[in-house]
Amino acid sequence: MSTLVAKRETESSVHLGEGKTPSMSVLPQSCLVDENLDIILEGLEPLAQYTVAARLTESGIHAASYAHFVSDSLGCISTSKLPSLSGSYSGMEANGLLWSMDIIPGQKPGRRIMKKDVTLPFEVEFSVYQGHISPIVPILDGDGLDSVLGSKTREVEPIMKQVQRRFYLADGVKRIAVRDGNIRGTFFIPAGDGPFPAVVDLFGTAGGLLEFRSALLASRGIASLALAFFAFEDLPADLSGGISLDYFEEAIDWLYDQPSVKRHGVGVLGVSAGAYIAVLCAELFSKVKAVVSINGSIVNYIAPMLYKGKVVKEMGLADWGACEFIEGKDDALSFKNVYGSISDISKMSNCTLNLELSDASYLMIVSGGDVNIHPMLSFMMVDRLREFGKGDNCECLFLDKAGHLLEPPHTMHCYHSYHKAFSACFAWGGEKVAHAQAQEKSWKKIQQFFKLKLSESLKSKL
């Protein structure tokens, strides 16, 4: 990976009119995915219309965005200092061309761009066109990528283009495959001298091993164990046999014993089903000192939870008739209301979390626009801690109009996607602008929370 230093080099220029040689600088040229973007165009016609477009291809999936600008009186455009007048986003948004990307029409329904190989960057190509145009056209059968933002369909050629590389993995971060005992995962250790605060990183019912969040956490100074728990190598293919908490205890003990990890305890970060498991780990295992729950639930809707061969949490009763189809989104399924009323859930003591049994610190991140899990299921965890006099152990970050899949900032919003385990499109919800702002805010908060809670010394009782 190139050194993460912004370079103001001009790699793309073209002669545009007598005496004018436009230039394009994408800053930084190589960076982490959570860093800000600026595209500087100079030597343009003053007070003229231009379109700046972005495109990204990952695992054969194509996404793109565009924005309309008017150059200033000197013939310059800075995408971080001038507003987009229309296009994929409007207004002054430095990273708008990144988070406003959409999957290009004409591809299979429910496509979602997600980084699978963190050793390789996202390569985002930025192009500049004269005039205010809409350069994104559907992909037709047999079309290649060139027809997505090229000349085959609209006979429009960009006057300049340049590629930016956006990494999850910073220079010096160690990526170590973990196949120790039953543990299947990848351990990321930050560059520099440790020890570091450390977390176990869990996703939900998608299964497999997802590394992108752990890689970025380590790039920001937090050691992270990306942990698979089904549908990976020799782990169970699905969750039909229940989930063994012994597996997570083994992973937590392993992480705690690493010499690069601070001795105050470890954290667990989870989203969706992974959030329920994260909170349950704190309930059961004293080495867990900090938990971040992203759109989690107080009720178990995943699979029976087993520990030492016994069921410790049964599954809650779901009203599957309350599923809704979201029109205009490939008829994606919303499960927001399938777990009954709040009064019904409060009676399900055999499947709800007992957060009060732990002295861990909690950060509950709750998206108001989530259509996969009802936000109230997260708020009930906060209320339970308060009920048992442990409200000071919990912070709640409510993000109005954000969707279920909160990920690192400047990555595109995914309203719905195909869920292979259920052979259906799931709706995640959220409004694009609000979701982008929520990802930026929550990512900063997650880092601050773990660094504080996993670095402080045990408080003396005077």
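What follows is a walk through the sheets and salt bridges of this predicted model.

Two open sheets are a good place to start. One of them has six strands, in the order S3-S10-S9-S5-S6-S8, and its pairing is mixed. At its edges stand S3 (30–32) and S8 (102–103); each has a single partner strand, so one side of each is left without a neighbour in the sheet. Further in, S5 (residues 49–58) and S9 (residues 122–130) run antiparallel to each other and are paired over seven bridges. For a landmark in this pairing, look for Tyr-50, which sits opposite Gln-130 in S9.

The other open sheet is built from eight strands, ordered S11-S12-S14-S13-S16-S17-S22-S23, again with mixed pairing. Here the edge positions go to S11 and S23 (394–399), both of which pair on one side only. On average, neighbouring strands in this sheet are turned by 20° against each other, if direction is ignored. Within the sheet, S16 (residues 266–271) and S17 run parallel and are joined by six bridges. Leu-269 stands opposite Val-292 in S17. As a general point, strands of a sheet pair through backbone hydrogen bonds, in either a parallel or an antiparallel arrangement.

A helix also belongs in this picture. H4 lies across S11, S12 (183–189), S13, S14 (223–227), S16 and S17, and runs at about 30° to S12.

Turning to charged side chains, the whole structure holds 17 salt bridges. One of these joins Glu-211 to Arg-175, with 3.0 Å between the closest N and O atoms. This pair links distant parts of the chain, 36 residues apart: Glu-211 is in the loop between S13 (198–202) and H3 (212–219), while Arg-175 is in S11 (residues 174–180), the strand that was met above as an edge of the eight-stranded sheet. The two partners sit in unlike surroundings. Glu-211 has a relative accessible area of 6%, and because the cut-off for buried is under 20%, Glu-211 counts as buried. Arg-175, at 43%, is partly exposed.

Another salt bridge involves Arg-213 and Asp-201, whose closest N and O atoms are 2.6 Å apart. Arg-213 belongs to H3 and Asp-201 to S13, so this bridge ties together parts that are 12 residues apart in sequence. What about accessibility, buried or exposed, for Arg-213? With a relative accessible area of 2%, Arg-213 is buried. Asp-201 is buried too, at 1% relative accessibility.

H4 comes back into view with the bridge between Asp-253 and Lys-287, where the closest N and O atoms are 3.1 Å apart. Asp-253 lies in H4 (residues 245–256) and Lys-287 in the loop between H5 (273–284) and S17 (288–294), so parts that are 34 residues apart in sequence are tied together by the pair. Asp-253 has 28% relative accessibility and is partly exposed. Lys-287 is also partly exposed, at 28% relative accessibility. Finally, not every charged group here is confined to a pair: Asp-246, Glu-249 and Lys-308 are linked in a network of salt bridges.

Definitions and conventions. Residues numbered from 1 in each chain as written. Predicted model: local features only at pLDDT ≥ 70, side-chain atom pairs only at ≥ 80, totals over all residues. Heavy atoms only, no water. Salt bridge = Lys/Arg side-chain N within 4 Å of Asp/Glu carboxyl O. Helix = DSSP H or I, 4+ residues; strand = E, 2+ residues; numbered from the N terminus. Buried < 20%, exposed > 50% of the residue type's maximum accessible area, 1.4 Å probe, protein only. Pairing = 2+ DSSP bridges. Axes fitted to C-alpha atoms, helices over the stretch in contact; angles between N-to-C directions. Contact = heavy atoms within 4.5 Å.
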